[in-house]
Amino acid sequence: MSGQTYGHHTAHERAFTDGLAKRRLLVAKCPVCSSVLAYTQRLCPDHPRAGLEWCTASGQATVHTFSIYRIGYADREPPYAVAIVQLDEGPRLSCALPAEEDLRVGMPVFAEFDSAGSLVFRTQPRRDQ
Ligand SMILES: [Zn+2]
């Protein structure tokens with residue numbers, strides 16, 4: 001099998017992860033109708049020939065669903081929450097959240113990059129320290 005088979009998929013993921021490496025949370029848009037695509041979509045269903053353009057998301061999102069984990073995993077200290085958040089632009093993505101007692105579905109969360117450059121979501125927008 002040639003690399004071509006996976007090329008499109010890989011390029012799509014790479015655009016997103018390259019954005020993260022530059023501390024930018026990106027969403028894919030159709031350049032024709034400006035629809036924001038879900039991260040599972042590779043092309044606009046109405047304009048599959050148009051390709052995509054990547055835009056920086058606002059970083060504002062709401063909690064769609066979450067689970068609290070009480071056992072540590074990798075470098076995560078328990079307890080923490082693993083959530084699916086819905087960006088204000090529409091796409092959903094999974095992320096870790098602080099396991100705050102008042103965490104609830106529908107609450108607003110804010111994307112930011114921690115000191116290690118990892119994408120994290122917080123329940124409060126960052127205040128300048
Ligand atoms: Zn379109």
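**Exercise 1. Find the bridge partner of serine 67 in S5, and describe the pairing around it.**

Step 1. Serine 67 has valine 82 of S5 as its bridge partner. Keep in mind as you work that this is a predicted model.

Step 2. Now widen the view to the two strands. Strand S4 covers residues 60-69 and pairs with S5 over eight bridges, in the antiparallel sense.

Step 3. Follow S5 to its other pairing. Strand S5 (residues 80-87) also runs antiparallel to strand S6 (residues 92-98), with seven bridges between S5 and S6. Here valine 85 is bridged to leucine 93 in S6.

Step 4. Look at the turn. Four residues lie between the strands in the hairpin of S5 and S6, and glycine 90 adopts a positive phi near 125° there.

**Exercise 2. Work out the strand order of the open sheet of five strands, and say which strands stand at the edges.**

Step 1. Reading across the sheet, the order is S6-S5-S4-S7-S8, and the pairing is antiparallel.

Step 2. The edge positions belong to S6 and strand S8 (119-122). Each has a single partner strand, so one side of S6 and one side of S8 have no neighbour in the sheet.

Step 3. To finish the picture, add the twist, which averages 45° from one strand to the next.

**Exercise 3. Identify the residues that coordinate the zinc ion, and decide on the geometry of the site.**

Step 1. List the donors. They are the SG atoms of Cys30, Cys33 and Cys44 together with ND1 of His47, at 2.0 to 2.4 Å.

Step 2. Check the angles. The four donor atoms subtend 106 to 113° around the zinc ion, and the arrangement is therefore tetrahedral. The cut-off you need is that all angles lie between 85 and 135 degrees.

Step 3. Place the donors in the sequence. Their spacing is C-x2-C-x10-C-x2-H. Cysteine 30 sits in the loop between strand S1 (26-29) and strand S2 (36-37), while histidine 47, 17 residues apart from it, is in the loop between S2 and strand S3 (53-56). This pair thus links distant parts of the chain.

**Exercise 4. Sort the zinc donors into buried and partly exposed.**

Step 1. Apply the cut-off: buried means under 20% relative accessible area.

Step 2. Cysteine 30 is buried because its relative accessible area is 0%, and cysteine 44 is buried at 2%.

Step 3. Cysteine 33 is partly exposed at 33%, and histidine 47 is partly exposed at 24%.

Step 4. As a last check on the cysteines, search for disulfides: the whole structure has zero.

How values were computed
Residues are numbered from 1 along each chain as its sequence is written. This is a predicted model: local features need pLDDT of at least 70, side-chain atom pairs count only at pLDDT 80 or more; totals for chains, interfaces and linings use all residues. Side-chain values use heavy atoms; hydrogens and water are left out. Donors are N, O and S atoms within 2.8 Å of the metal (3.2 Å for Na, K and Ca); water is not among the atoms, so sites may look incomplete. Four donors count as tetrahedral if all angles lie between 85 and 135 degrees; four count as square planar and six as octahedral if opposite donors are over 155 degrees apart and all others between 65 and 115; anything else is irregular. Buried means under 20% relative accessible area, exposed over 50%, partly exposed in between (1.4 Å probe, protein chains only). Two strands pair if DSSP finds at least two bridges between them. A disulfide is a pair of cysteine sulfur atoms within 2.5 Å. Axes are lines fitted to C-alpha atoms, for helices over the stretch in contact, and angles run from 0 to 180 degrees between N-to-C directions.
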